[in-house]
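Trainee: I would like to go through the empty spaces and the nonpolar cores of a protein model. Please give the reasoning behind each term.

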Amino acid sequence: MTTAIRPLTERPAWKALEAHFKTVRELHLRNLFADDPKRGERMAVEALGLYLDYSKNRITDETLKLLLQLAEQSGLRSRIDAMFLGEKINITEKRAVLHVALRAPRGASIVVDGENVVPQVHAVLDKMTDFSNRVRIGAWKGHTGKRIRNVVNIGIGGSDLGPVMAYEALKHYSDRDMTFRFVSNVDGTDFAEAVRDLDPSETLFIVSSKTFTTLETMTNAHTARDWSLAGLGNDQTSVAKHFVAVSTNAPDVTKFGIDTANMFEFWDWVGGRYSMDSAIGLSTMLAIGPDNFSSMLAGFHQMDEHFRSTPFERNLPVLMGLLAVWYNDFFGAQTVGVFPYEQYLKRFPAYLQQLTMESNGKHVTLDGTAVTYQTGPIYWGEPGTNGQHSFYQLIHQGTKLIPCDFIAFGQPLNPLGRHHDMLLANVFAQAEALAFGKTAEEVRAEGTPDWLVPHRVFEGDRPSSTILVERLTPEALGKLVALYEHSVFTQGAIWSIDSFDQWGVELGKVLAQRIVPELESVEPPKLGHDNSTNNLILRYRKLKENAK
């Protein structure tokens, strides 16, 4: 970006928010609703079939006005435009940031280094579609002539979290005659449990690694290769019938035994955590079919266009991002709870953990100076109603302020009697209880003894937003994921950080590569770590020796 932006704490809106915070931090949501009977209707936005009720947040109209001014003064509009234009806003890696191109419709134009990348995207989607159709109808046969009934995705990080989340989220739409498993952890148990009941002659592995060198992925891939070969008479030609690759490293893919005709490409302008709608989503397409995958992409694209073109005051991702900044930087809230009241979304919070924390867990600004304010909060969560019987106690009566996002759907995918009414009643009740609580007077009026009253008081004033959607469909999932992607973008733009690199994952990986031979060497290694690490390595070597 060429436009000079003032440091965050020097922006007029930031200074105004600091002063404003002092006047509103003691306001209780009870009073805000009492003073504005229409607040619940007024502080809500509906777009693309998503209804966002943000009225139970600790904000006033003035708060919102100042946050919107902060977005303008932070250059959010120009940052959005730069992303969609293919400018290299990932400055430390000198890369464009174009997950939005992955779901751009055929015929659109998004240019990177003078080339329209949309035709490339659709060429890969077409290739994925052809392959998926052949596997799903049984035209693709394994080495022994049997059809493929099991698919195992091998990846890590964005090459695993996105696919496994999408599979679980859209299981209702999946081919139930096929089994899907996901292996990411280099812990051998992950692989062993994934394949223990599978027939190698009916199993297809998808190896997802852009470079085909990722330590955990390739360790698991070679173990999978050995397992497959052992079950198929050690015929090396069988690998090509039971393995495909999502990668850009054709030589190593070929060396592994995979036919490059079955190598699905993606690009360096897509970060791993933003790649579930690229070829990384091949397992998703195999599970739900190309038509449903296309519907998911359409949902992504609709939210992209909403984010790109809608005024900030009605822009869903912008409003959510600004609220996250408000709690993170002014209230000092360290976490955000995300609670989907939909069992199919049980892996959605885990997916958001990488999306949000790998993106905005940064300690320097775009120009390399140390930040003097808090950046990315910790995202976490579990599906409702399970969480109500575990950690909700702390949110309601603990000493931590935890803003919450509740996600719910008006129509169930599996209607069973009263279940859905009870589920939705809990969503609305939890948000209400968090906001308004229960006063000592109300507790006493129930006949509670005085000594017990303090224990049964709920202070309330715990903020939350509720996202209500008609039904969990592939299109709706695309909208939800893009909603959070662009909320993350909004937060990063306010904080003036690079949300698209992830250097923080590198150091541990480099050190692990150094330690591996020290664990495996026959002769005692010469160790040069700190005393603790040296001692742990020696202890582990002794434990290995004892197992022999």
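What follows is a discussion of the cavities, cores and pockets of this predicted model.

Trainee: What makes the space lined by M320, L323, A324, V336 and D405, among others, a cavity?

Mentor: A cavity is a set of points where a 1.4 Å probe fits but cannot get out. The largest cavity holds about 140 Å³ of space, and 14 residues line it, with those five nearest its centre. Two or more lining residues come from each of α14 (316-331), β12 (404-409) and α20 (474-495). The largest share is from α14, which gives four residues.

Trainee: How many cavities of 30 Å³ or more are there?

Mentor: Two cavities reach that volume. The second largest has about 40 Å³, so it passes the 30 Å³ cut-off. Its lining includes L102, V121, W267 and D277.

Trainee: Which classes of residue line the second largest cavity?

Mentor: Seven are nonpolar, one is polar and one is charged. Asp counts as charged, and D277 is part of that lining. For the largest cavity, the lining has nine nonpolar, four polar and one charged residues.

Trainee: Why is a set of residues called a nonpolar core?

Mentor: Its members are buried residues of the listed nonpolar kinds, joined through side-chain atoms within 4.5 Å. Buried means under 20% relative accessible area. The largest such core has 124 residues, and W269, W326, F348, I467, L477 and Y484 have the most contacts inside it. Leaving aside neighbours within four places in sequence, F348 is in contact with M165, I407, L480, V481 and Y484. Another core, of 22 residues, lies apart from the largest one, and V183, A194, A224 and M263 are among its members. In soluble globular proteins, nonpolar side chains tend to be buried together.

Trainee: What makes the space of about 980 Å³ a pocket?

Mentor: A pocket is an open set of points with protein on both sides within 12 Å along at least five of seven lines. That volume belongs to the largest pocket. It has 37 lining residues, and T214, Q502, V505, E506 and K509 are closest to its centre. Of the elements, α21 gives the most to this lining, with four residues. By class, the lining has 12 nonpolar, 16 polar and nine charged residues.

Trainee: Where does the lining of the second largest pocket come from?

Mentor: At least two of its residues come from each of α5 (76-84) and α20. The volume of this pocket is about 490 Å³. Of its 23 lining residues, I5, T365, L366, D367 and S496 are closest to the centre.

Note on methods: Residues are numbered from 1 along each chain as its sequence is written. This is a predicted model: local features need pLDDT of at least 70, side-chain atom pairs count only at pLDDT 80 or more; totals for chains, interfaces and linings use all residues. Side-chain values use heavy atoms; hydrogens and water are left out. On a 1 Å grid over the protein atoms alone, a cavity is a set of points where a 1.4 Å probe fits but cannot get out, and a pocket is an open set with protein on both sides within 12 Å along at least five of seven lines; lining residues have an atom within 4 Å of a point. Grid points are joined across faces, edges and corners, and a volume is the space filled by probe spheres set on the points. Buried means under 20% relative accessible area, exposed over 50%, partly exposed in between (1.4 Å probe, protein chains only). Contact means heavy atoms within 4.5 Å.
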